[in-house]
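Biologist: Could you walk me through this one? I have the sequence and the coordinates open, and I'd like to start with the pockets.

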Amino acid sequence: MLVAALGLAAPVAQAQGADAAKSDEPSTLDIASSFPSTQPIVGPAQTQLVELINSMAGSSLKAKLHEPGEIVPTQQYLSAVGTSTLDAAWTTASEWASKDSAFWLFASIPFSRGPEAQLAWLKYGGGETLFKQLHMKYNVEVLPCGMSPAGSTGWFRNELTTPADFKGLKIRATGLASQVLRNMGAEPQVVSNDELRRAFETNIIDAAMFNTPALNEKQGVEEFAKNLYFPAWHQPSTLNELLISKKKWAALSRQHRAIIQGACDIITLRQLTEAQAQQGKVLNELIEKGLKPLRWSDDILAAFRKSWEKTATDLSANSEEFKKAWESYKAFAATQKAWEDYSGSR
């Protein structure tokens with residue numbers, strides 16, 4: 001089902017004929033990354049993306065991966081690709097949410113049904129059209145290109161049993177989750193990944209929302225916050241994207257475009273499955289170190305959902321693009337409810 005949702009067949013079939021389009025001078029594609037190549041899950045994914053493009057294209061196209069900030073600062077990737085200063089960038093749409101809150105929804109949708117639902121909406125529910133239209137405003141081509149599965153809500157010093165426990169809670173949170181928690185009385189803090197450990201040590205924060213267990217492990221925060229709460233209501237899945245300069249995209253042959261599209265589809269599948277395979281192993285290791293995995297109570301999950309719905313309503317009032325994307329996803333999700341209720345997949 002997942003392979004079909006990704007739409008792999010057509011791009012890969014086209015890519016197989018790419019050798020027929022070789023020129024004397026190979027095309028080049030410099031790809032700047034938002035993530036260090038050493039970072040779990042996303043690091044291997046971006047490396048494999050470049051390897052796939054080069055393998056399928058042979059000598060006719062040479063892609064090269066650049067570490068974060070090697071060419072321009074990561075926060076400038078969207079504008080740099082838009083002006084053709086960069087050929088391409090592998091990143092997440094949430095990086096551009098300061099420009100339009102709609103970008104958040106094209107990274108992750110709170111309380112959505114996970115990777116399959118997000119991909120189905122993108123590929124067959126109108127989501128990808130809106131995704132491309134939003135990026136087109138910034139003069140870039142964009143491809144869905146990689147996805148991570150759900151992780152956890154995050155790490156907490158203390159157990160929380162009621163929605164009232166969030167009042168005054170100092171929590172490292174970003175994006176939509178930050179707004180949802182603020183509505184519940186929490187005090188979201190801006191703390192970089194590199195500063196998480198120190199923030200716990202110096203009591204700047206009481207909790208931290210931070211990706212998946214496989215990524216959390218490298219930070220060592222489990223020494224200070226033994227309670228890891230599930231589920232990841234704020235990020236049931238997270239989409240990566242490949243930004244490509246319109247000038248570069250136009251210069252590529254049809255076969256090269258198909259190769260890049262096919263490579264992105266393959267990386268989406270690989271990244272999802274590799275991350276899923278790592279989670280159980282890492283969580284077991286953390287439990288052995290004294291971690292306490294917990295699930296939120298029904299009352300707290302209901303409070304999260306209520307706060308999210310208010311956040312979505314507020315953002316829809318302030319961004320037409322957010323409103324279009326949110327209403328599109330809700331309409332598509334409604335068509336899937338009966339299937340999800342009766343198929344036994346949930």
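Biologist: What volume does the second largest pocket have?

Modeller: This is a predicted model, and in it the second largest pocket has a volume of about 890 Å³. Of the 33 residues that line this pocket, those closest to its centre are Phe 111, Ser 112, Arg 113, Gly 114 and Pro 236.

Biologist: And which helices each supply at least two residues of that lining?

Modeller: Helix H6 (115-124), helix H12 (254-288), helix H13 (298-318) and helix H14 (320-343) each do so, and H14 gives the largest share, with seven residues.

Biologist: How does the lining divide into nonpolar, polar and charged residues?

Modeller: The lining of the second largest pocket has 18 nonpolar residues, six polar ones and nine charged ones.

Biologist: Staying with H14 for a moment, is Ala 331 buried, exposed or partly exposed?

Modeller: Ala 331, which is found in helix H14, counts as partly exposed because its relative accessibility is 46%, in between the cut-offs of 20% for buried and 50% for exposed. In space, the C-alpha of Ala 331 is 8.8 Å from that of Gly 125, although 206 residues separate the two in sequence.

Biologist: OK, on to the strands. In what order do the six strands of the open sheet come?

Modeller: The order is E7-E6-E8-E5-E9-E11, and the pairing in this open sheet is mixed. At its edges are strand E7 (187-189) and strand E11 (292-295), each of which pairs on one side only.

Biologist: How many bridges join E9 to E11, and are they parallel or antiparallel?

Modeller: Four bridges join strand E9 (residues 227-230) to E11, and the two strands run parallel. Within that part of the sheet, Phe 230 stands opposite Arg 295 in E11.

Biologist: And the peptide bond from Phe 230 to Pro 231, cis or trans?

Modeller: That peptide bond is cis, with omega near 0°, and Pro 231 itself lies in the loop between E9 and E10.

Biologist: What does E3 pair with?

Modeller: E3 pairs with E1 in the parallel sense over three bridges, and four bridges join E3 to strand E10 (residues 237-245), with those two strands running antiparallel. As for individual partners, Ser 33 has Trp 90 in E3 as its bridge partner, while Thr 91 has Glu 241 in E10.

Biologist: Which residues of E3 are buried on each side?

Modeller: In a regular strand the side chains alternate between the two faces of the sheet. In strand E3 (residues 88-91), both faces are covered, with Ala 88 and Trp 90 buried on one side and Ala 89 and Thr 91 buried on the other.

Biologist: Now Ile 31: where is it, and is it buried or exposed?

Modeller: Ile 31 belongs to strand E1 (residues 27-33), and it counts as buried because its relative accessible area is 0%, where buried means under 20%.

Biologist: What is Ile 31 in contact with, leaving aside neighbours within four places in sequence?

Modeller: Its contacts include Ala 88, Ala 89 and Trp 90, and among the others are Val 50, Ile 53, Leu 65 and Leu 242. Separately, the C-alpha atoms of Ile 31 and Asp 87 are 6.4 Å apart, with their positions 56 residues apart in sequence.

Biologist: Which residues other than glycine have a positive phi, say Ile 41 or Asn 139, and what are the values?

Modeller: Phi of Ile 41 is near 70°, and phi of Asn 139 is near 65°. Ile 41 is in the loop between E1 and helix H3 (42-57) and is buried, with a relative accessible area of 3%, whereas Asn 139 is in the loop between H7 and strand E4 (140-149) and is partly exposed, at 37%.

Biologist: Last residue from me: is Glu 128 in H7 buried or exposed?

Modeller: Glu 128, in helix H7 (residues 127-136), is buried, with a relative accessible area of 13%. Not counting residues up to four places away in sequence, Glu 128 touches Trp 121, Leu 122, Lys 123 and Pro 144.

Biologist: And for the whole chain, how many helices and strands, and what share of residues is buried?

Modeller: The protein chain has 14 helices and 11 strands, and buried residues make up 53% of its 346 residues.

Note on methods:
Residues are numbered from 1 along each chain as its sequence is written. This is a predicted model: local features need pLDDT of at least 70, side-chain atom pairs count only at pLDDT 80 or more; totals for chains, interfaces and linings use all residues. Side-chain values use heavy atoms; hydrogens and water are left out. Buried means under 20% relative accessible area, exposed over 50%, partly exposed in between (1.4 Å probe, protein chains only). Two strands pair if DSSP finds at least two bridges between them. On a 1 Å grid over the protein atoms alone, a cavity is a set of points where a 1.4 Å probe fits but cannot get out, and a pocket is an open set with protein on both sides within 12 Å along at least five of seven lines; lining residues have an atom within 4 Å of a point. Grid points are joined across faces, edges and corners, and a volume is the space filled by probe spheres set on the points. Ala, Val, Leu, Ile, Met, Phe, Trp, Tyr, Cys and Pro count as nonpolar, Asp, Glu, Lys and Arg as charged, and the others, Gly among them, as polar. Contact means heavy atoms within 4.5 Å.
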